[in-house]
Every structure is written in C-alpha cells, then in structure tokens.
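Welcome to a short set of exercises on reading a protein model. Please look through the sequence and the structure below before you begin.

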Amino acid sequence: PVTEPSTDRLTLVDDVIDYAKKFLASRYRSGGTTPKGFDCSGFTRFCFTRFGLSLPHSSAAQGNVGTAIDKAEAQPGDLIFFKGHSSKGTRIG
C-alpha cells in the first residue's frame with residue numbers, strides 16, 4: 001500500500017526547494033560548499049542543512065543515506081544520484 005506524505009513533510013520539501021532556487025545561479029566549483037561556488041553534493045548539503053537535515057559532504061556518502069527507491073517513484077525533495085566519469089564504473093560521482 002502507498003502512504004501519502006504528511007502535510008509537514010510536503011511543507012518542508014517546498015521550503016527546501018524554494019530556498020535552493022535562490023542559489024541556482026551560483027557558479028560550479030569542485031568541492032564548493034557555499035554560494036560563492038557549489039559542487040552538486042555541496043549544494044544539496046548546504047540547502048538541506050538550512051532546515052536541520054544533515055547530509056554528508058560527498059555525493060558517494062550522500063548516496064548511502066536514507067532509503068533507496070526506484071527512479072519512477074522519485075518525488076520532489078528526493079535526491080537522485082548517478083555514476084561518475086566512467087560509464088563502466090559503479091561509484092556515485
């Protein structure tokens with residue numbers, strides 16, 4: 001059975017997304033964790049931390065937190081990870 005997310009969770013998701021949108025024009029910087037320059041994991045960590053949600057810094061470590069779901073089940077607020085530079089690799093990058 002599918003359970004509906006709580007209203008509190010939906011509000012939190014909307015708040016995180018609205019906050020994150022303020023920084024979409026920030027430049028990309030490898031290893032960056034501030035609005036002066038973010039990498040992907042630095043951006044998600046920065047935005048989630050603002051709302052008391054703790055994430056590790058690296059994308060590989062973030063991929064080990066939470067519950068894995070099928071891509072077709074992804075909802076706003078879920079993080080989607082992908083492989084790094086090598087098409088034959090299996091590590092999040």
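The exercises below move from the whole chain to single residues, each with a worked solution.

**Exercise 1. The overall layout**

Describe the elements of this predicted model and the order in which they run.

Solution. Begin with the count: the protein has 3 helices and 2 strands. Next, follow the chain from the N terminus, and you will meet the elements in the order α-β-β-α-α. For the dimensions, take the principal axes: the C-alpha atoms fill a box of roughly 40 × 35 × 20 Å. Then turn to burial: 20% of the 93 residues count as buried. Finally, look at contacts with a separation of 6 or more: residues 24 or more positions apart account for 32% of them.

**Exercise 2. Two packed helices**

Work out how helix α1 and helix α2 are oriented to each other, and find which residues make the contact.

Solution. Two numbers get us started, since a packed pair of helices is described by the angle between the axes and the distance between them. Helix α1 covers residues 7–21 and helix α2 covers residues 40–49; their packing angle is about 125°, and their axes are 9 Å apart. An angle from 65 to 115 degrees would count as roughly perpendicular, and one over 145 as roughly antiparallel. The angle of about 125° fits neither of these classes, and α1 and α2 are therefore oblique to each other. As for handedness, the crossing of α1 past α2 is right-handed. On the α1 side, the contact is made by Val16, Tyr19 and Ala20, and on the α2 side by Phe43, Phe46, Cys47 and Phe48. Sorted by class, this contact has 7 nonpolar residues, no polar ones and no charged ones.

**Exercise 3. Aromatic rings**

Classify the ring pairs Tyr19 with Phe46 and Phe38 with Phe46.

Solution. The structure holds 7 aromatic pairs, and we will take two of them in turn. For Tyr19 and Phe46, the centres are 6.1 Å apart and there are 15° between the planes. Planes under 30 degrees apart count as stacked, so the pair of Tyr19 and Phe46 is stacked. This pair links distant parts of the chain, as Tyr19 sits in helix α1 and Phe46 in helix α2, 27 residues apart. Now for Phe38 and Phe46: their ring centres are 5.2 Å apart and their planes are at 55°, so this pair is tilted.

How accessible are these residues? Tyr19 counts as buried at 15% relative accessibility, and Phe38 counts as buried at 4%. Phe46, at 23%, counts as partly exposed. To finish, step back to the wider group: ring pairs link Tyr19, Phe23, Phe38, Phe43, Phe46 and Phe51 into a cluster.

**Exercise 4. A loop residue in the cluster**

Where is Phe23 placed, and which residues does Phe23 touch?

Solution. First locate Phe23: its place is in the loop between α1 and β1. Next check burial: with 17% relative accessibility, Phe23 counts as buried. Leaving out residues up to four places away in sequence, Phe23 touches Pro35, Phe38, Phe43 and Phe46. Take Phe43 as an example: Phe23 and Phe43 are 20 residues apart in sequence, and their C-alpha atoms are 8.4 Å apart in space.

**Exercise 5. Buried or partly exposed?**

Decide whether Ser59 is buried or partly exposed, then do the same for Ile17.

Solution. The cut-off to use is that buried means under 20% relative accessible area. Ser59 has 18%, so Ser59 is buried. This residue is found in helix α3, residues 59–62. Apart from neighbours within four places in sequence, Ser59 is in contact with Ser41, Phe81, Ile92 and Gly93.

Ile17 lies in helix α1 and, at 29%, counts as partly exposed. Apart from neighbours within four places in sequence, Ile17 is in contact with Pro76 and Gly77. Ile17 and Phe48 are 31 residues apart in sequence, and 9.3 Å separates them from C-alpha to C-alpha.

**Exercise 6. What covers α2?**

List the buried residues of α2 and name elements that cover them.

Solution. The buried residues of α2 are Ser41, Gly42, Phe43, Thr44, Cys47 and Phe48. Their cover includes α1, the strands β1 (33–34) and β2 (37–38), and α3.

Technical notes
Residues numbered from 1 in each chain as written. Predicted model: local features only at pLDDT ≥ 70, side-chain atom pairs only at ≥ 80, totals over all residues. Heavy atoms only, no water. Axes fitted to C-alpha atoms, helices over the stretch in contact; angles between N-to-C directions. Helix = DSSP H or I, 4+ residues; strand = E, 2+ residues; numbered from the N terminus. Parallel < 35°, antiparallel > 145°, perpendicular 65-115°, else oblique. Left-handed = near helix turned anticlockwise from the far one by under 90°. Contact = heavy atoms within 4.5 Å. Nonpolar A, V, L, I, M, F, W, Y, C, P; charged D, E, K, R; others polar. Buried < 20%, exposed > 50% of the residue type's maximum accessible area, 1.4 Å probe, protein only. Phe/Tyr/Trp six-rings, centres within 6.5 Å; stacked < 30°, edge-to-face > 60°.
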